[in-house]
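Dear colleague,

Please find below the structure I said I would pass on to you. My notes on it follow directly after.

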Amino acid sequence: MTHDQPPQSVLGRFDPAAALHRLVSGAGRAARITHTEHLPPRTGRHADWPDQIRPEVIEAILAAGIERPWEHQARAAEHALRGESVVVATGTASGKSLAYLTPVLSTLLDGSEAPDTGQREALPQGDGRRADKPTARRRSPRTESGGTSVEGGGGRQAEGRGATALYLAPTKALAADQCRTVAELAASPAIGGSRIRPAVYDGDTPFEEREWVRRYATYVLTNPDMLHRGILPSHPRWSSFLRRLRYVVVDECHTYRGVFGSHVAQVLRRLRRVCARYGAEPVFLLASATAADPGEAATRLTGVPVAEITEDASPRGELVFALWEPPLTELSGERGAPVRRTATAEAADLLTDLVVQGTRTVAFVRSRRAAELIALLAQDRLAAIDRSLPGRVAAYRGGYLPEERRALERELHSGHLLGLASTTALELGVDVSGLDAVLLAGYPGTRASLWQQAGRAGRAGQGALAVLVARDDPLDTYLVHHPEALFDRPVESTVLDPDNPYVLAPHLCAAAAELPLTEADLGLFGPEAPGLMTQLEMRGLLRKRKDGWFWTRRERATELTDIRGEGGRAVQIVEATTGRLLGTVDASSAHTTVHDGAVHLHQGRTYVVKQLDLEDCVALVEEDDPPYSTMARETTTISILEMETEQTWGEAQLCFGSVEVTHQVVSFLRRRLITGEVLGETRLDLPPRTLRTRAVWWTITERQLEGARIHPEELPGALHAAEHASIGMLPLFATCDRWDIGGVSIPLHADTGLPTVFVYDGHPGGAGFAERAFRTARSWLTATREAIATCECDFGCPSCIQSPKCGNGNDPLDKLAAVRILDLLLAAK
C-alpha cells in the first residue's frame with residue numbers, strides 16, 4: 001500500500017494515548033473530555049482447521065499470511081461443515097469473514113468441475129465486483145452427464161457447476177469489498193482461478209453481465225433488496241444456482257432490526273421455500289457484531305435453529321476511548337436556552353488535526369448532510385495549512401451515484417485518503433485496514449453500532465483511538481456523563497417482528513407470485529399468516545384454487561413493499577439548470593430533507609431546493625452558498641385504536657397497543673453553520689401523512705397531580721418535556737434511533753380522558769421499539785428522569801428536554817415540573 005504522506009501507523013507504531021494528548025493540547029480542550037476508557041490489549045488463541053477443509057483452501061489462506069485460525073473461526077467452520085446453521089458474534093476485526101469463507105470455499109471446491117465459461121477478459125481487482133467477464137462463449141457448459149440443459153425462462157444454464165453459495169450484505173460497498181477478498185483467495189495458485197467464480201449481483205451490475213452471473217457464478221454476492229426484487233421473482237432463471245445452493249451467508253446480521261429486519265426475515269423465508277422447490281436446504285452462516293442473544297436473534301431472522309459463537313479468541317490492540325462534550329457557546333437557542341457547539345463542527349476540527357498529524361481517520365456521522373459538511377469544513381481548514389491536504393479528505397455516504405461511490409472506495413483502499421467523513425454506509429465490515437482513529441459525531445443509536453464503529457480502527461492489531469463527540473441532546477449528554485452506561489453494560493438485543501401484518505402481508509403476495517402458496521407453506525411464514533390470507537383474498541390480491549393461492553395482478557407483487565421501510569418511490573434530486581441527476585432520497589424522508597427551501601449538500605457543493613414535486617417524485621435544486629443549514633418541523637396528533645396490554649402503577653397506568661398517528665411537516669428552521677444559532681423559521685404547505693402503528697403510553701390522574709402540587713398551568717410543559725426526554729433516552733433500551741420513534745403529549749386526551757404521554761414506532765404496523773419500551777419502562781423512565789434532573793441548565797436545553805424535531809417550537813416546556821411528574825409516576829410503580 002502506498003501513501004503520498006505516510007500516516008503514523010506506517011512510520012511507526014501508533015500511540016493512541018499520545019494522539020489524544022495532542023488533540024487536547026489546544027486551549028480549553030482538556031475540559032471537554034468527560035471520561036477516558038483504556039481497554040487493554042488481548043492475546044489471541046489459535047486452533048486448527050477441521051480436517052474436512054480442503055488443503056487448497058488452507059494453502060491459499062497461508063499464502064495470504066494467515067498461519068492458523070483463531071478458536072472461534074475453527075468452531076464456526078466445524079458447525080458449517082456439519083450442516084448446522086451458526087452465527088459468529090465477535091468483535092470488529094476478529095476474522096468473522098474467514099470463519100464462514102473457509103468452509104464455503106472448501107465446499108465449493110468439493111463440487112467444482114470448472115466448466116467452460118467462454119473466453120474471459122480480466123478486470124482490475126480493485127473494481128470489487130468480479131474478477132472476469134465473458135467476451136465470447138464458444139459452447140454451452142457441460143452438464144454432469146455430459147449434455148446441456150435448458151431451464152424454464154433461463155435459457156442454457158451452467159449445469160456443470162457444482163455447489164453454490166449466496167452472500168447477503170446490507171450495503172453494496174460491503175458486498176464489493178467481500179468480492180475482492182474472495183477473488184484474491186480464488187485466484188491463488190493453490191485454488192487455481194476459475195474453480196471458484198465470485199460475482200456481485202446488485203443494482204449496479206450491468207445488464208450484459210447479469211446473465212453470466214446467473215449461468216456461471218458459484219459465489220454470488222448481493223443484498224436483501226436484490227434478492228427480494230430480482231432473484232426470487234425470477235427464480236426459474238436461477239434454478240441451476242438455487243438447486244445447488246449449500247450455504248447462505250448473512251453478513252452484519254445485527255443490522256437487520258426493526259422494520260428492515262422484519263422484512264429481511266420474510267425474504268429469507270421466501271428464499272428457503274423457493275430452494276425447497278429445487279430440492280435444496282441451505283445452511284445459514286451469519287456474522288454479527290457483539291450482540292445480546294445472537295443465536296436467538298439469528299433464529300428469529302432465518303426461521304431455522306442457529307447455534308451461536310460469542311467468545312472472541314482474536315488478539316486486540318490497546319483501545320483508548322474518549323468521551324468528548326463540546327463547550328457551551330455564548331449564543332442562546334430557543335426560549336433563551338444555552339447552546340453547545342455542534343458535534344459536526346467539533347468533529348471537523350478533530351478530523352483536521354488528525355489528518356495534519358498523518359493519522360488515518362474516519363469520522364462517523366448520523367446523516368448524509370453531516371458527512372458532507374464535516375468533509376467540507378475539514379477541507380477548508382486544511383487548505384489554510386497545506387494545499388496538498390484538502391484532497392486527502394472526502395465524504396462517503398449513501399445516495400451517491402455508483403461511479404462516485406466506487407471511486408471513493410478505490411481511493412480509500414489505495415491509502416490516498418487520510419480522512420473520511422462517513423455515514424453508516426462504511427460502518428459495516430468494509431476492509432479499511434490501516435485506520436488509526438475513529439471519531440463518532442454523536443452516539444450512533446445502539447451500543448452495538450458504537451463498538452462496531454469504534455472497532456474500525458486498529459485493524460492491524462495495533463493501538464487505536466476512538467472519540468465519541470456528544471451532540472446537544474438528552475441521550476448523548478447522559479452518556480458522556482454516565483460512562484458506565486456504555487462501558488459496563490452489555491450490548492442490546494436485536495428487535496424485530498416478522499409477524500407484523502404490515503410486513504407479512506406483502507411477502508405472502510410475493511411468495512404466491514413466485515410459487516402458488518399452499519396450506520403447508522403457511523407455517524413457514526409464522527402464526528399470523530393463515531389469518532391474513534382471507535384478507536388478501538378480499539382485497540383481490542390473491543385467489544384461492546385447489547392448488548393453493550395465486551397472485552392475481554399484472555404488476556409485480558414485490559412492488560407492494562419497500563423492505564427498508566422507506567415507503568414509496570425514491571425522490572430524484574435534479575439540478576434545475578442542467579437536468580443532471582445528483583442522487584436520490586427515500587420517499588419517507590423527502591418531506592423533511594428536500595422540501596422547498598431545504599439546503600442539500602452533495603460532494604462538497606451546496607444546493608437549495610427550489611421545488612419538491614411529490615407527484616413526479618422530483619426535487620429541483622440550484623447551486624447556492626447560504627450561510628445556514630435547514631431542519632424541518634412537524635406536528636402530530638394521535639388516537640388509540642386498541643389497547644393490548646396494561647400495567648397499573650398505583651393510580652397511574654402504563655399501556656401498549658395500536659394507534660393511528662397523523663403528522664404534517666409545517667415549517668423549517670434556518671440554523672447558522674457551525675454555531676447552530678436559529679436564524680428564522682419558514683412555513684411550509686405539505687400534505688399530512690397517516691400512520692397506523694404501535695405505541696406505549698402512560699396516564700396519571702388529577703388526584704395524583706394535586707397530591708404532587710403540579711398546577712394546571714405547569715402540566716402541558718411538564719408532559720411535553722417528559723415526552724421529549726423519554727424519546728431521547730429510549731435508544732439506550734431498544735435498538736432504535738431517535739428518528740425511528742415519535743411522541744405526543746396531551747394534558748387531556750380524548751381517548752383516555754386523562755393527561756397522557758405517547759411514544760410510538762415511526763413505521764407502519766410497528767417495529768418492536770414501543771413494545772420494548774413497555775417491557776423496560778421502569779429503567780427507561782428512571783434514566784429519563786435522571787437525564788433531566790442532572791442537566792446543568794436552569795430551564796431546559798437541547799441536552800435535556802428540547803427536541804430538534806418539535807413541531808411546536810419547544811413550547812411549552814417545564815423542566816422542574818417534568819422531574820416532579822416523573823417522580824410521581826415512578827413512585828407509584
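The notes below go from the whole chain to selected elements and residues.

This is a predicted model, so the confidence values come first. The protein averages a pLDDT of 87, and 90% of the residues score at least 70. Two stretches fall well outside that description. Over residues 1-11 the pLDDT stays under 50, and the model has 33 contacts beyond four places in sequence for them. Residues 113-159 likewise have a pLDDT below 50, with 121 contacts in the model beyond near neighbours in sequence. Where pLDDT is low, the predicted coordinates should not be read in detail.As to overall composition, the protein has 26 helices and 33 strands. Of its 829 residues, 59% are buried. The accessible surface comes to about 31500 Å², and carbon and sulfur atoms account for 49% of it. Among contacts between residues at least 6 apart in sequence, 74% join residues at least 24 apart.

**The seven-stranded sheet**

One open sheet contains seven strands in the order E1-E13-E20-E19-E16-E18-E17, and its pairing is mixed. Strand E1 (33-39) and strand E17 (393-396) stand at the edges; each has a single partner strand, so one side of each is left without a neighbour in the sheet. Direction ignored, neighbouring strands of this sheet are turned by 15° against each other on average.

At the E1 edge, the partner is strand E13 (residues 319-324): the two run antiparallel and are joined by six bridges. One of the residue pairs here is Leu39 with its bridge partner Leu319 in E13. Towards the other edge, helix H13 (residues 368-383) lies across E17, strand E18 (419-422) and strand E19 (437-441). The angle between H13 and E17 is about 175°.

**Strand E23 and its partners**

Strand E23 (residues 571-575) is mostly covered, with four of its five residues buried. E23 pairs with strand E24 (residues 581-585) in the antiparallel sense over four bridges, and four bridges also join E23 to strand E27 (residues 618-623), here in parallel. Strands of a sheet pair through backbone hydrogen bonds, either parallel or antiparallel.

Between E23 and E24, the residue pairs include Val571 with Val585 and Val574 with Leu581. On the E27 side, Gln572 stands opposite Val618. The hairpin of E23 and E24 has five residues between the strands, and Gly579 takes a positive phi near 80° in it.

Two residues show how the surroundings change along this segment. Ala570 is found in the loop between strand E22 (548-551) and E23. Its relative accessible area is 37%, so Ala570 counts as partly exposed. Not counting residues up to four places away in sequence, Ala570 touches Thr584, Val585, Asp586, Ala587 and Cys617. The C-alpha atoms of Ala570 and Ala587 are 5.0 Å apart, although the two residues are 17 apart in sequence.

Glu575, by contrast, has its place in strand E23 itself. Is Glu575 buried or exposed? Glu575 is buried, because its relative accessible area of 9% is under the 20% cut-off. Leaving aside neighbours within four places in sequence, the contacts of Glu575 are with Arg580, Leu582, Tyr607, Val621 and Glu623.

**Nonpolar cores and helix H7**

In soluble globular proteins, nonpolar side chains tend to be buried together. The largest nonpolar core in this model has 122 residues, and those with the most contacts inside it are Phe321, Leu465, Trp698, Leu730, Trp780 and Ile821. For Ile821, the contacts beyond four places in sequence are Ile700, Leu705, Ile710, Leu715, Ala718, Leu719 and Ala722. A second, separate core has 41 residues, including Val87, Tyr216, Phe241 and Val274.

Tyr216 also belongs to helix H7 (residues 207-216), which is mostly covered: seven of its ten residues are buried. Besides Tyr216, the buried residues of H7 are Glu209, Arg210, Trp212, Val213, Arg214 and Arg215.

With kind regards

Key:
Residues numbered from 1 in each chain as written. Heavy atoms only, no water. Buried < 20%, exposed > 50% of the residue type's maximum accessible area, 1.4 Å probe, protein only. pLDDT = per-residue confidence, 0-100. Contact = heavy atoms within 4.5 Å. Areas by Shrake-Rupley, 256 points an atom, 1.4 Å probe, with all protein chains shown as cover. Pairing = 2+ DSSP bridges. Axes fitted to C-alpha atoms, helices over the stretch in contact; angles between N-to-C directions. Core = buried A, V, L, I, M, F, W, Y, C linked by side-chain atoms within 4.5 Å.
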